Every structure is written in C-alpha cells, then in structure tokens.
Amino acid sequence: MKPLQRQQYNGGIIPFSGGIDSAGVLYHCLRSNPEKYFLVMKVCLYNSISANRMTKEKEAVHNVIEYLRENGIKNFEYKELEYHYPSLEIPPLWDSEIVYFAAATCVRAYPEISCLYEGVTADDYIGEGDDFDERLEKYASILHLIADRNTGNFRIEMPLSKLSKLEIMQMLPPEMLKMTWSCRYPVPKETYSYKLERCHFCPPCKVIDKAIEQDSNLNII
Ligand SMILES: [Zn+2]
C-alpha cells in the first residue's frame, strides 16, 4: 500500500497561545515565508485555575486561524494538544516549560522541523533582564533534551524580540488584533455572567492598557 502523503513542515513549528505576541509571530512568519509550510500548535493547559483563561484563549486561536484562512494565508496546519492536571493546586512548572515539552514531542514526530518560533517581545526583558534570558535557555534545553536535538541542528527564533507590545499591536491587522486574548485571569463581566473580560491587573493586561493609552486607535477590548 502506498504510504499516506503529507505536506512537510519545512517552515518550522509555531506555538500559538492566542495572545498578542504569538499572534504577531504567527502573522509575521506565515506572511514572510509564503513558500514554506508551518505547523501551528496550541497547547491547552488545564490546572485548577485556568479554565476561564483556556476558554478565551481557545476562542482566540480558533478565530485567528479562521481569519487567516479566510484571508488567503493557508501555508500551515493547525494542531491542538491538551493537558489536564487540576489536582495540582499550584502547578510546579511554568506554562512555557510544558509548551516546550509538547513542541519537542512534535519535533520528534516530524523530523523535518528544524526551527521553533517564539513570541518574545522587547517588553519581556523589562524588569527581568538576564533572568529572562536564563528562562529562555531553560526552555531551549527542554526542547533539545526531549526532541534529541542540539543548537547545531535546531534553531529557536524570536523574530519580533526587538519590537514592543505596542509595535506588535500596531503591526497586526486590526480585525486580527481584536480576536487575540492575552489576559491571564479573565473575570466574569458581571455576577452569574458567562461572558468573560480582561482583569486589567495581570502583567499582560497592564502592558496592553498602557499601549492603548499611547495609541487610542488600537482595536482591542
Ligand atoms: Zn489580565
């Protein structure tokens, strides 16, 4: 029997949370490399407090994926992975560590993947400096270890690391920006409401609110 053919992910893998930074990287990579084909991956992490956040992130991811396809940007395949660990009250791992572990398993499954695109921005370094670099090195180590790769045969690229969150927000098409979700702790709009809104207290909310103050044309709730 002839083996099933699939398109090779020669562009690399793009973890997409649904937030502004990874949406910026996703949009940038797909548009700048139309001849390449990418694996876009959402890792859903359900711990004891993240249900609201996952609801909004998944909604954002699905809307953005549909928006891209409707606008002729189709050089990617989308996959979703879910991990449930609600019994752990305080997760002992950073979310990104689990995302890199999941990405590494995909890299093992698709040997042609030789690059991961990370949604780091200039704002991520504010206040953290070298600590943030250390964190990124740890993520890279997880990926190299689990995927059995090294710095010689696998790259981690951060194409928007020189841009601020404000600049990325201005770069994204307004319609797509509006679909993103970056708040870590969405709250019900009112008592007994299923509608969730941004908390305005978590670090991403603070950066977004500051960006809106600087540019009132930004189309985000
Ligand atoms: Zn928030």
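Which residues is Phe-38 in contact with, leaving aside its neighbours within four places in sequence? I looked this up in the model, which is a predicted one. Phe-38 is in contact with Tyr-9, Gly-11, Gly-12, Ile-14, Cys-29, Leu-30, Asn-75 and Phe-76.

**Entry 1: the nonpolar core**

I turned next to the core to which Phe-38 belongs. The largest nonpolar core has 47 residues. Phe-38 is listed among those with the most contacts inside this core, together with Ile-13, Ile-14, Leu-26, Val-40 and Ala-103. I then asked which element gives the largest share of this core. Helix H1 (residues 20-32) does, with seven residues.

**Entry 2: helices H3 and H4**

I examined how H3 and H4 are placed relative to each other. Two packed helices are described by the angle between their axes and the distance between those axes. For helix H3 (residues 95-109) and helix H4 (residues 130-147), the axes come within 8 Å and cross at roughly 30 degrees. Angles under 35 degrees count as roughly parallel, and H3 and H4 are therefore roughly parallel to each other. I noted the crossing of H3 and H4 as right-handed.

I then listed the residues that meet. H3 contributes Ser-96, Glu-97, Tyr-100, Phe-101, Ala-103, Ala-104, Thr-105, Val-107 and Arg-108. From H4 come Tyr-139, Ile-142, Leu-143, Ile-146 and Ala-147. By class, the contact of H3 with H4 has ten nonpolar, two polar and two charged residues. Ala-103 thus appears in two of my lists: in the contact with H4, and among the core residues with the most contacts.

**Entry 3: the loop between H3 and E4**

I looked up two residues here, Ile-113 and Ser-114. Ile-113 is found in the loop between H3 and E4, and Ser-114 is found in the loop between H3 and strand E4 (115-117). Is Ile-113 buried or exposed? Ile-113 is buried, because 22 other C-beta atoms lie within 10 Å and the cut-off for buried is 20 or more. Ser-114 is partly exposed, with 15 other C-beta atoms within 10 Å.

Not counting neighbours within four places in sequence, Ile-113 is in contact with Tyr-9, Gly-12, Ile-13, Leu-39 and Val-107. The C-alpha atoms of Ile-113 and Ile-13 are separated by 6.8 Å, although these residues are 100 residues apart along the chain. With residues up to four places away in sequence left out, Ser-114 touches Gly-12, Asn-153, Phe-154 and Arg-155. I also checked Ser-114 against His-28: the two are 86 residues apart in sequence and 18 Å apart in space, C-alpha to C-alpha.

**Entry 4: positive phi**

Most residues other than glycine have a negative phi. I recorded two residues with a positive value. Asp-148 has a positive phi of about 60 degrees although it is not a glycine. Asp-148 sits in the loop between H4 and strand E5 (155-157) and counts as exposed, with 12 C-beta neighbours inside 10 Å.

His-200, also not a glycine, has a positive phi of about 65 degrees. I placed His-200 in the loop between strand E7 (196-197) and H7. His-200 counts as exposed, with 12 C-beta neighbours inside 10 Å.

**Entry 5: Gln-214**

I closed with helix H7 (residues 203-214), in which Gln-214 lies. Gln-214 is exposed, because it has 11 other C-beta atoms within 10 Å and 12 or fewer counts as exposed. Between Gln-214 and Cys-44 I read 32 Å in space, C-alpha to C-alpha, and 170 residues in sequence.

Key
Residues are numbered from 1 along each chain as its sequence is written. This is a predicted model: local features need pLDDT of at least 70, side-chain atom pairs count only at pLDDT 80 or more; totals for chains, interfaces and linings use all residues. Helices (H or I, at least four residues) and strands (E, at least two) are DSSP runs, numbered from the N terminus. Axes are lines fitted to C-alpha atoms, for helices over the stretch in contact, and angles run from 0 to 180 degrees between N-to-C directions. Angles under 35 degrees count as roughly parallel, over 145 as roughly antiparallel, 65 to 115 as roughly perpendicular and the rest as oblique. A crossing is left-handed if the near helix is turned anticlockwise from the far one by less than a right angle, and right-handed if clockwise. Two residues are in contact if their C-beta atoms, placed from the backbone, lie within 7 Å. Ala, Val, Leu, Ile, Met, Phe, Trp, Tyr, Cys and Pro count as nonpolar, Asp, Glu, Lys and Arg as charged, and the others, Gly among them, as polar. A nonpolar core is a set of buried Ala, Val, Leu, Ile, Met, Phe, Trp, Tyr and Cys residues joined through C-beta atoms within 7 Å.
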